[in-house]
Amino acid sequence: MKKRLLVVAMLLSACSQLPDERKAEVETLAIPAEEIKPSEPEEVVVENDAVAESLATDFEHIFVDTDMTFSGTLPCADCPGISYHINLFRDGRFAVRQEYLERNQVSIIRGIWLLEKRSLHLVNQQQTLPAFHFVSNTQLAMLDLSGKPITSNTNYQLQREAEFRKLDTRQAMLGLYTLSDSQASFTSCASGETLTVANTQHHLPVMRQYQQDERLKGNSVIATLLGRRGQDEQASTLFIDKFEQFWPGAICPDQLQPGKMQGIIWRAEKLANRYVPQQLNVRVIFEPNERLYGFAGCNNFNGSYKQRSSQLSVQPLVSTRKFCADSSELEQQFTQSLQSADRAEVNGDTLQLFKNNQLILQFKPAVN
């Protein structure tokens, strides 16, 4: 049986500062030395340590000491959203892919980033991008025009991806294509920048079509395509991923003359009161020789028209006969409306077609 030693210390009243009637007894338990075991240190568990490591350790500053990728979809006033892919490079550069959903509008923007405490500014001389606030090293929150966080139930945040991801630089393009001695160039209507076209498998059919068409041969002609520019030493080279078509007689939208309808590639914006999905690329061009042609979302079409002042008459159209489940119904409505128009007006950068004074089609100049 284990022994327990009881030590009773009696405090003498002569040595105590307490009154005699409040003498205290202190009981001390003495444990034999052989029963005393050294305690093992407790294991400290950190939950979500991967996240904990990525959080800022300085509550005033963020340090971009590695290449980072942030992505997400932010709200848009007149579209389903704007998809962002932001790459921050530790050397101070950035690259952004900004896509307006359902508009077929993609911008690839590069520049330098500036960091003021937790506020991130993406600087480009030609284009303005929103500023962001580092909530943590894994999350960016969009700021308003005054540089303050946006208070809203809508999501205004981008998340950092686990791995750095290269930018998808493909985008729809509209510009002037020129071929001379098997070397082609492409001048973007949007930026005015001229790129050398790489002679890849996607470019060879384009070259053949250009050389075989007498309307194109030796001339600069508007072309639409899906392409991307090279990186680093190939930054001035255009790689064609998908060629769309040539538009003889067309000009860049920035050369648009007020009130001019001919020579512009018009993209359908509205069909009656219904917005036309931008990804369908419904477009038409009215040539000065009273011919028209375009793309109705599934099929190519062409025909003739008459215009006297604002009066318009479109003759029956000829088109290809493909069926596309996602666009054939709208295509039929579009071609019927185009053929029934009796009046055309160009107001600023908007072309409107009417029937019996009712707006039936509305277009904007295509920029890609």
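Is Arg-215 buried or exposed? Select Arg-215 to begin: this residue is exposed, with a relative accessible area of 53%. Keep in mind throughout that you are looking at a predicted model.

**First stop: the partner of Arg-215**

Add Asp-213 to your selection. The side chains of Asp-213 and Arg-215 form a salt bridge, 3.1 Å from N to O. Asp-213 counts as buried, at 18% relative accessibility, because the cut-off for buried is under 20%.

**Step back: the whole chain**

Now color by secondary structure. You should find three helices and 25 strands. Of the 368 residues in the protein chain, 40% count as buried. The accessible surface comes to about 22500 Å², and carbon and sulfur atoms account for 48% of that surface. Among contacts between residues at least 6 apart in sequence, 47% join residues at least 24 apart.

**Second stop: helix α2**

Select residues 204–212, which make up helix α2, and show the side chains of Val-206, Met-207 and Tyr-210, which are buried. These three residues cover an arc of only 100 degrees around the axis, so they sit on the same side of α2. What do the buried residues of α2 pack against? Bring up strands β11 (171–180), β14 (221–229) and β15 (237–247), and you have the answer.

**Third stop: a bridge from β15 to β18**

Stay with β15 and pick Glu-244, then add Arg-283: their side chains meet in a salt bridge at 2.1 Å, N to O. This pair links distant parts of the chain, with Arg-283 in strand β18 and Glu-244 in strand β15, 39 residues apart. Arg-283 is buried at 1% relative accessibility, while Glu-244 is partly exposed at 37%.

There are twelve salt bridges by count. For another, select Arg-165 and Glu-161, whose side chains pair at 2.6 Å, N to O; Arg-165 is partly exposed, with a relative accessible area of 37%. Then select Glu-290, Lys-306 and Arg-308 together to see a network of salt bridges.

**Fourth stop: the nonpolar cores**

In soluble globular proteins, nonpolar side chains tend to be buried together. The largest nonpolar core here has 28 residues, and Met-261, Trp-266, Phe-286, Phe-334, Leu-351, Leu-353 and Phe-363 touch the most other members. Elements that each supply at least two residues of this core include β16 (265–271), β18 (283–286), α3 (328–340) and β24.

Center the view on Phe-363. Leaving aside residues up to four places away in sequence, Phe-363 touches ten neighbors you can pick out by name: Trp-266, Arg-267, Ala-268, Glu-269, Val-284, Phe-334, Asp-349, Thr-350, Leu-351 and Leu-353. Then move to a second, separate core of 24 residues, where Ile-62, Phe-70, Leu-74 and Trp-113 are among the members.

**Fifth stop: nonpolar side chains at the surface**

Switch on the surface and select Ile-112, Leu-114 and Val-123. Together they form a nonpolar patch with about 240 Å² of accessible area. Val-123 belongs to strand β7 and is partly exposed, with a relative accessible area of 35%.

**Last stop: two loops with positive phi**

Lys-117 is in the loop between β6 (105–116) and β7 (119–123). Its phi is near 55 degrees, a positive value in a residue other than glycine. Finish at Asn-357, in the loop between β24 (350–355) and β25 (358–365). Here phi is near 65 degrees, again positive in a residue other than glycine, and Asn-357 is exposed, with a relative accessible area of 59%.

Notes:
Residues numbered from 1 in each chain as written. Predicted model: local features only at pLDDT ≥ 70, side-chain atom pairs only at ≥ 80, totals over all residues. Heavy atoms only, no water. Helix = DSSP H or I, 4+ residues; strand = E, 2+ residues; numbered from the N terminus. Buried < 20%, exposed > 50% of the residue type's maximum accessible area, 1.4 Å probe, protein only. Arc of directions from axis to C-beta. Contact = heavy atoms within 4.5 Å. Patch = residues over 30% accessible without salt bridge, like charges linked within 9 Å, V, L, I, M, F, W, Y side chains within 5 Å. Areas by Shrake-Rupley, 256 points an atom, 1.4 Å probe, with all protein chains shown as cover. Salt bridge = Lys/Arg side-chain N within 4 Å of Asp/Glu carboxyl O. Core = buried A, V, L, I, M, F, W, Y, C linked by side-chain atoms within 4.5 Å.
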